[in-house]
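Visitor: I have a fold on my screen and I'd like to learn how to read it. Could you walk me through it?

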Amino acid sequence: MSQENPENSKSTRMIVLGPSAQVNQTELVQRLHMLGLPLTIKSTCYGAIIHGDEPVVKEAITKIRELDPCNIFTKDRGFPPGDPRRCRAKRGAAREGFHQLEKEYELLDCLREALENPREVHVEKPKKISPDEFKKLIEESEK
């Protein structure tokens, strides 16, 4: 007989405000608290981290995105807020993944633009080339 770990049903999500967001981190966190959901909420420099039962976290994300649908983004976080394995206060440096988040943040205005102005895109499949053509391309690139 196996016992399920109660943490298995828990979820931790990062909520990242895009550069053009109409809300700031303080307002975001206040609104999350006003939802009255059983969540752990942590304010961050990019938005917030929320942790709780997965259905509750999903509900919070759905409701909070209504504030600014094209500028509020989320992603999974593998560790709950304050986890000593990732907590900057305990480690004394930026946590792993922070620099990745910085690079992703630079793209958020492009995503906002695409969400606000969707358009149909047609992608052409690349044509296959023969092995001889491929060898020729390799030889030309080595010159």
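Guide: Happy to. Let's begin with a yardstick for burial: a residue is called buried under 20% relative accessible area, exposed over 50%, and partly exposed in between. One thing to keep in mind as we go is that this is a predicted model.

Visitor: Then let me try the yardstick. How does E59 count at 32% relative accessibility?

Guide: E59 counts as partly exposed, because 32% falls between the two cut-offs. This residue lies in helix α2. Its side chain makes a polar contact of 2.8 Å with the side chain of K63. You can also check a distance: the C-alpha atoms of E59 and L35 are 9.6 Å apart, with these positions 24 residues apart along the chain.

Visitor: Let's zoom out. How many helices and strands does the protein chain have?

Guide: There are five helices and four strands. Going along the sequence, their order is β-α-β-β-α-β-α-α-α.

Visitor: And how much of the chain is buried?

Guide: Of its 143 residues, 30% count as buried. The accessible surface of the chain is about 10700 Å², and carbon and sulfur atoms contribute 52% of that. For a feel of how the chain folds back on itself, take the contacts with a separation of 6 or more: 65% of them are between residues 24 or more positions apart.

Visitor: Now the strands. What does β1 pair with, and in which sense?

Guide: β1 runs antiparallel to β3, joined by seven bridges, and also pairs with β4 in the antiparallel sense, over five bridges. To find the register, look at who stands opposite whom. On the β3 side, S11 faces G52, and K10 has D53 as its bridge partner. On the β4 side, M14 stands opposite K75.

Visitor: Where does β2 come in?

Guide: β2 is joined to β3 by four bridges, again running antiparallel. S43 stands opposite A48 there, and a hairpin of three residues links β2 to β3.

Visitor: Are β1 and β3 covered or open?

Guide: Seven of the eight residues of β1 are buried, so that strand is mostly covered. For β3, six of seven residues are buried, which means the rest of the structure largely encloses this strand.

Visitor: What about T74? Is that one buried or exposed?

Guide: T74 counts as buried, because its relative accessibility is 19%. You'll find it in strand β4, residues 72–76. Its side chain has a polar contact of 2.6 Å with the side chain of R13, and another, at 3.3 Å, with the side chain of R65. Setting aside neighbours within four places in sequence, T74 is in contact with R13, M14, I15, I61 and R65.

Visitor: Next, a helix. Which residues of α1 are buried?

Guide: In α1, residues 25–34, the buried ones are L28, V29 and L32. They sit on the same side of α1, because they cover an arc of only 95° around the axis. Turned away from that side is a face carrying the exposed residues H33 and M34.

Visitor: What do the buried residues of α1 pack against?

Guide: Their packing partners are β1 (10–17), β2 (40–43), β3 (47–53) and α2 (54–65).

Visitor: And what should I look for at the ends of α1?

Guide: At the start, a side-chain oxygen of N24 comes to within 3.0 Å of the backbone nitrogen of T26. After the helix comes G36, with a positive phi near 70°.

Visitor: Last one, since I always think about reducing agents. How many disulfides are there?

Guide: A disulfide is a covalent bond between the sulfur atoms of two cysteines. In this model the count is zero. Two cysteines are worth finding on your screen, C70 and C110. C70 counts as buried because its relative accessibility is 18%, whereas C110, at 54%, counts as exposed.

Terms used
Residues numbered from 1 in each chain as written. Predicted model: local features only at pLDDT ≥ 70, side-chain atom pairs only at ≥ 80, totals over all residues. Heavy atoms only, no water. Helix = DSSP H or I, 4+ residues; strand = E, 2+ residues; numbered from the N terminus. Buried < 20%, exposed > 50% of the residue type's maximum accessible area, 1.4 Å probe, protein only. Polar contact = N/O pair within 3.5 Å; in protein donor to acceptor, adjacent residues only side chain to side chain. Contact = heavy atoms within 4.5 Å. Arc of directions from axis to C-beta. Disulfide = S-S within 2.5 Å. Areas by Shrake-Rupley, 256 points an atom, 1.4 Å probe, with all protein chains shown as cover. Pairing = 2+ DSSP bridges.
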